[in-house]
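Q: I am new to this structure and would love some help finding my way around. Could you take a close look at one part with me, and then walk me through the rest?

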Amino acid sequence: MYDIESDILTQPVKMEQSVIGKIVDNYQITAVLGKGGMGVVYKARNRALEKDVALKMMDASLSRDESFLKRFQSEAKALARLQNPNIVTVFDLRETELGFCIIMEYVEGTTLAAKIKQWGPLPVKLAVAIFKQMLTALDHAHKVGVIHRDIKPSNIMLTEQNVVKVTDFGLAKIQQVSTATVTMGTGGTLYYMSPEQIRGLSNVDERGDIYSLGMTLYEAVAGQVPFADADADFAIRQAIVEGKIPSPSKLNPAIPKELVKIVMKSIEKDPAKRYQTAAEMRDALEKFERESLPEQKTPKAEGTRIVEMSSAGKSTRPIVVAVGTILALVIGFLLYSQFAPPSSAHLSVSSIPVGASVVIQGIPVGSTPLSDYSLEPGTIPITLIMPGFKSKDTTLAMGAGETLTIVVSLEKLSAEPLSSERNTNKSTKEPAPIRTESSGVVLPATLILQVVPSGSVMVDGVAKAGDAKRLTEVEVQAGKRKVTFTHPRYGSRSFNVEVKAGERKRLTCYFESYVNILAQPVWAQIVIDGKIADLVTPLNRHPLGPGKHSITVTKSGYTTLEGMQEIVVDPGLEEKVIPLVFTLKKQ
């Protein structure tokens, strides 16, 4: 998946199906990966090497801009110097029959933006692992003289193994050449811009990247940026340049204090007070990891449990395995448990047969047999995957210092069709609930809910608080749930959602869509639903409520060729940004 959201509005690119299958410069286009302000990104196959690549095809209007092309070719030399496993490699830049394009590494995975949207706040261990890689990438780029200028979650790709791949290095600088494509400062990018970038200073250096990365880390551990979607651009700019950014612990009190200090130092308004290099910030994260997230080895006391899981997902009664009868060991363990600070839990996983991939909390950690894996106490979702066998999902509740071994029997996939009796049972009977081994209590699922703009939420008819600036967490039983979002002016929208035991699922209902409006030439007045608004082009991320809207622009002495354009806003679970472009002809 490629998320190439852009805050720069240009003439929309037509996504014609005829492009799929077309051969461009020995690359056969196989799929559309995404689109943004600079054009469209396609997945393509190098026919000679039989290797997948990503083609970022430039918008035709940019290809005709001589100043853009000149800067593009200049920046290409800098991009070619980036050779790092955490940076998406740029292979070539070519002019083809379809226009100018960048040929770059194809990454199978998702973006950090998508992961935050799905999970909410990331587990601290995962966030630290991701941002250490990010800082390694930035350190390399800065040492060869390349500044990213547009670090944000959508420019950070993650493979299935959570390996970081940073994309769009240097493109922000390229995009700022043409006056027709200048960002007027909106949307996601504005959230991550440093104060010196917003002031338009010419001496923005690598510390600007550190600020943007710090704000991205803020969002990763807090679950959101410290701005509301309804905030105007001016208010966001003022907060970044002059205001006080609240601590991420205000949004997520579970963030460790030392990590909060790292985040807040990285987003200091004065560049001299931030980390001065990416390596310095990475050292701070590594120190935090050593001191606050140690891989502790906990003494194993009598009572260590082995939980044997059947292929149906049920746990047998725990089998107590004595690890010794020496009284001194037991006494030592009790004293350790009483006076030592909370420690990691330790999990060992075996499977029948062996060799299954183990995914813990969404992170692939190895294959069975997996021994003494250290993790944070709490509710632990685990998946075992093995070709030819049914995947096994389960969830365990583990306490601080607890050591647990589980044995999972995997069920082989059968090529034979199910009997009618089994089919009937499958369609009418819900899967057996997953239970904790110690208490037999069914593990709840968690819905993380948000209403934009602010409103209220109900789950299965029970009212809950709702706030656009804060996430509402609701524990529910696993299964199908009905979630209703209500806005005081726009009404209600209901969605059916299915959650598994122990799962955390985030849902945001957007009652408004955003419209980006560009006129060529610029500075035209905007007319919305027949009324002349106090707005001029270019306009980015202007909110519109549900229903049908008619939009046009007007400028004295000019005729609008496109006339009135109509759009429909329908509340949903995806944020929508609608681009409109108008062409003005002099009378």
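By class, how many nonpolar, polar and charged residues does the lining of the largest cavity have?

A: Happy to help! Please keep in mind that this is a predicted model. The lining of the largest cavity has nine nonpolar residues, two polar ones and one charged one.

Let us stay with that spot for a moment. The lining comes to 12 residues, and V88, V90, M104, D168 and F169 are the ones that lie nearest the centre of the cavity. The volume of this largest cavity is about 90 Å³. The count of cavities of 30 Å³ or more comes to two.

Now step back to the chain around this cavity. The protein chain has 587 residues, and buried residues make up 48% of them. Its accessible surface comes to about 28,400 Å², with 53% of that belonging to carbon and sulfur atoms. The chain holds 13 helices and 33 strands. If you take the contacts between residues at least 6 apart in sequence, 63% of them join residues at least 24 apart.

A few single residues let you see such links for yourself. Start with T159, in strand β8, which covers residues 156–159. T159 counts as buried because its relative accessibility is 15%, and the cut-off for buried is under 20%. Leaving out residues up to four places away in sequence, T159 touches V107, E108 and G109. The C-alpha atom of T159 is also 6.6 Å from that of T110, although these two residues are 49 apart along the chain.

S348 makes a good second stop. This serine is part of strand β12, residues 345–352. With a relative accessible area of 18%, S348 is buried. Beyond its neighbours within four places in sequence, S348 is in contact with L370, S371 and D372, and also with L404, T405 and I406.

For a helix, look at D283 in α11, which spans residues 278–292. D283 is partly exposed because its relative accessibility is 44%, between the 20% and 50% cut-offs. Its C-alpha atom is 8.8 Å from that of K132, and 151 residues separate the two in sequence.

Next, follow the strands toward the end of the numbering. Strand β33 runs from residue 577 to residue 586 and pairs with β26, residues 513–520. These two strands are parallel and are joined by seven bridges. One place to see this is N516, whose bridge partner in β33 is P579. Strand β33 also pairs with β31, residues 558–560, this time in the antiparallel sense and over three bridges. Here T560 has L584 of β33 as its bridge partner. In general, the side chains of a regular strand alternate between the two faces of the sheet.

Another antiparallel pair is formed by β27, residues 525–528, and β28, residues 531–536, with three bridges between them. Q525 stands opposite V536 of β28. Two residues lie between the strands of this hairpin, and D529 has a positive phi near 55° there. D529 is partly exposed, since its relative accessible area is 38%.

Why does the backbone of D529 deserve a second look? Most residues other than glycine have a negative phi, so a positive value stands out, and most peptide bonds are trans. D529 is not a glycine, yet its phi is about 55°.

E50 is another residue to check in this way: its phi is near 55°, and it is not a glycine either. You will find E50 in the loop between β3 (39–46) and β4 (51–58). E50 counts as exposed because its relative accessibility is 59%, and exposed means over 50%.

Finally, there is a cis peptide bond to find. It leads from V452 to P453 and has an omega near -10°. P453 belongs to the loop between β19 (445–452) and β20 (456–459).

How values were computed
Residues are numbered from 1 along each chain as its sequence is written. This is a predicted model: local features need pLDDT of at least 70, side-chain atom pairs count only at pLDDT 80 or more; totals for chains, interfaces and linings use all residues. Side-chain values use heavy atoms; hydrogens and water are left out. Helices (H or I, at least four residues) and strands (E, at least two) are DSSP runs, numbered from the N terminus. Buried means under 20% relative accessible area, exposed over 50%, partly exposed in between (1.4 Å probe, protein chains only). Contact means heavy atoms within 4.5 Å. Accessible areas come from the Shrake-Rupley method with a 1.4 Å probe; for residues, only the protein chains shown count as cover. Two strands pair if DSSP finds at least two bridges between them. On a 1 Å grid over the protein atoms alone, a cavity is a set of points where a 1.4 Å probe fits but cannot get out, and a pocket is an open set with protein on both sides within 12 Å along at least five of seven lines; lining residues have an atom within 4 Å of a point. Grid points are joined across faces, edges and corners, and a volume is the space filled by probe spheres set on the points. Ala, Val, Leu, Ile, Met, Phe, Trp, Tyr, Cys and Pro count as nonpolar, Asp, Glu, Lys and Arg as charged, and the others, Gly among them, as polar.
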